[in-house]
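This report describes the strand pairing, the nonpolar core and the confidence of one protein chain. The sequence and the structure come first.

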Amino acid sequence: MKKLIGSLLLASAFIGMASTASAADLERTRSLVWTDATSTFNARYGEGTTGLTFLENFTFTVDAVGSAVSSAVVSIALDGLSRLGIDSFTLSGNGRTITGTPLLEGDTQTFSLRTDGLSTGLYTLSVAGTILGSEGGSFAGNISVAPVPEASTTAMMLGGLGIIGFAAYRRRRKAGEDAPQQRNDQLMPA
């Protein structure tokens with residue numbers, strides 16, 4: 001029995017060490033500040049942070065059902081002085097996780113993320129990676145959240161466009177019927 005308890009304690013210690021080893025060295029959570037339907041986010045790491053891992057979380061709330069999100073994050077390396085290695089860019093909340101698509105181009109690292117059909121609730125936009133520059137590194141990004149119109153709103157809009165199109169068709173048709181009569185009146189001598 002003592003061996004079993006000792007083994008359980010040892011196993012729990014290893015699990016505890018493993019979970020702390022996977023945590024980022026630098027981790028912050030901040031709320032996004034919105035201007036209309038967009039917000040910017042960023043982080044900067046200074047001298048003495050080389051080799052450390054980071055996890056930046058940016059939280060926000062979606063108020064409209066079916067909202068669409070579009071976001072991007074960019075990190076530009078400046079020689080070996082300022083450089084980040086971004087490993088992941090994700091959006092998570094309400095049981096969903098959307099992973100950003102990396103686009104690498106030389107010293108510029110960009111991730112793009114798009115999705116729609118979000119339900120209302122709290123979401124977290126996360127950027128994770130490693131600081132590679134001798135004097136740190138930085139990233140910046142932008143996010144846009146826009147409500148998607150409901151089906152009934154779209155149907156009303158299409159119906160309205162149909163009525164406007166029909167009215168224009170009738171007006172053109174009526175003008176086309178009146179035009180030959182006017183020409184005949186102009187051709188007849190008085």
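## Pairing around E3 and E9

In this predicted model, strands E3 and E9 run antiparallel and are joined over 10 bridges. Along this pairing, Thr61 has Leu122 of E9 opposite to it. Val62 is bridged to Gly121 of E9, and Thr53 has Thr130 of E9 as its bridge partner.

Each of the two strands has a further partner. E9 also pairs with E5, in the antiparallel sense and over 8 bridges; here Ile86 is bridged to Gly129 of E9. E3 also pairs with E1, in this case in the parallel sense and over 6 bridges. Arg28 stands opposite Glu56 of E3.

Both E3 and E9 are mostly covered. In E9, 8 of the 11 residues are buried, and in E3 the count is 7 of 10.

## The mixed sheet

The pairings above belong to an open sheet of 5 strands with mixed pairing, in the order E1-E3-E9-E5-E6. Its edges are strand E1 (residues 26–31) and strand E6 (residues 96–99); each has a single partner strand, so one side of each is left without a neighbour in the sheet. On average, neighbouring strands of this sheet are turned by 20 degrees against each other, with direction ignored.

In general, the strands of a sheet pair through backbone hydrogen bonds, in either a parallel or an antiparallel sense.

## The antiparallel sheet

Another open sheet of 5 strands has the order E2-E10-E4-E8-E7, and its pairing is antiparallel. E2 and strand E7 (residues 101–105) stand at its edges; because each has a single partner strand, one side of each is left without a neighbour in the sheet. The average turn between neighbouring strands of this sheet is 15 degrees, direction ignored.

Within this sheet, E4 and E8 are joined by 9 bridges and run antiparallel. Ala72 stands opposite Ser112 of E8 in this pairing.

## The nonpolar core

The largest nonpolar core has 25 residues, of which Phe41, Phe60, Leu91, Val127 and Phe139 touch the most other members. The elements that contribute two or more residues to this core are strands E2 (38–45), E3 (53–62), E4 (67–76), E5 (84–93), E8 (108–118), E9 (121–131) and E10 (137–146).

Among these contributors, E3, E9 and E5 are strands of the mixed sheet, while E2, E10, E4 and E8 are strands of the antiparallel sheet.

## Ser39, a buried polar residue

Which strand holds Ser39? Ser39 lies in E2, a strand at an edge of the antiparallel sheet. Ser39 counts as buried because its relative accessible area is 2%, below the 20% cut-off for that class.

A polar atom of the Ser39 side chain lies 2.7 Å from the backbone oxygen of Val33. Leaving out residues up to four places away in sequence, Ser39 touches Leu32, Val33, Trp34, Gly141, Asn142 and Ile143. Val33 is thus listed among the residues that Ser39 touches, and its backbone oxygen is the atom given for the 2.7 Å distance.

## The chain as a whole

The chain contains 2 helices and 10 strands. Along the sequence, these follow the pattern α-β-β-β-β-β-β-β-β-β-β-α. Of its 190 residues, 27% count as buried. Among contacts with a separation of 6 or more, 81% are between residues 24 or more positions apart.

## Confidence

The mean pLDDT of the chain is 80, and 70% of the residues reach 70 or more. Which elements have the lowest and the highest mean pLDDT? Helix H1 (residues 2–21) has the lowest, at 43, and E1 has the highest, at 97. In the stretch of residues 4–21 the pLDDT is below 50, and beyond near neighbours in sequence this stretch makes 0 contacts in the model.

Notes. Residues numbered from 1 in each chain as written. Heavy atoms only, no water. Core = buried A, V, L, I, M, F, W, Y, C linked by side-chain atoms within 4.5 Å. Buried < 20%, exposed > 50% of the residue type's maximum accessible area, 1.4 Å probe, protein only. Helix = DSSP H or I, 4+ residues; strand = E, 2+ residues; numbered from the N terminus. Polar contact = N/O pair within 3.5 Å; in protein donor to acceptor, adjacent residues only side chain to side chain. Contact = heavy atoms within 4.5 Å. Pairing = 2+ DSSP bridges. Axes fitted to C-alpha atoms, helices over the stretch in contact; angles between N-to-C directions. pLDDT = per-residue confidence, 0-100.
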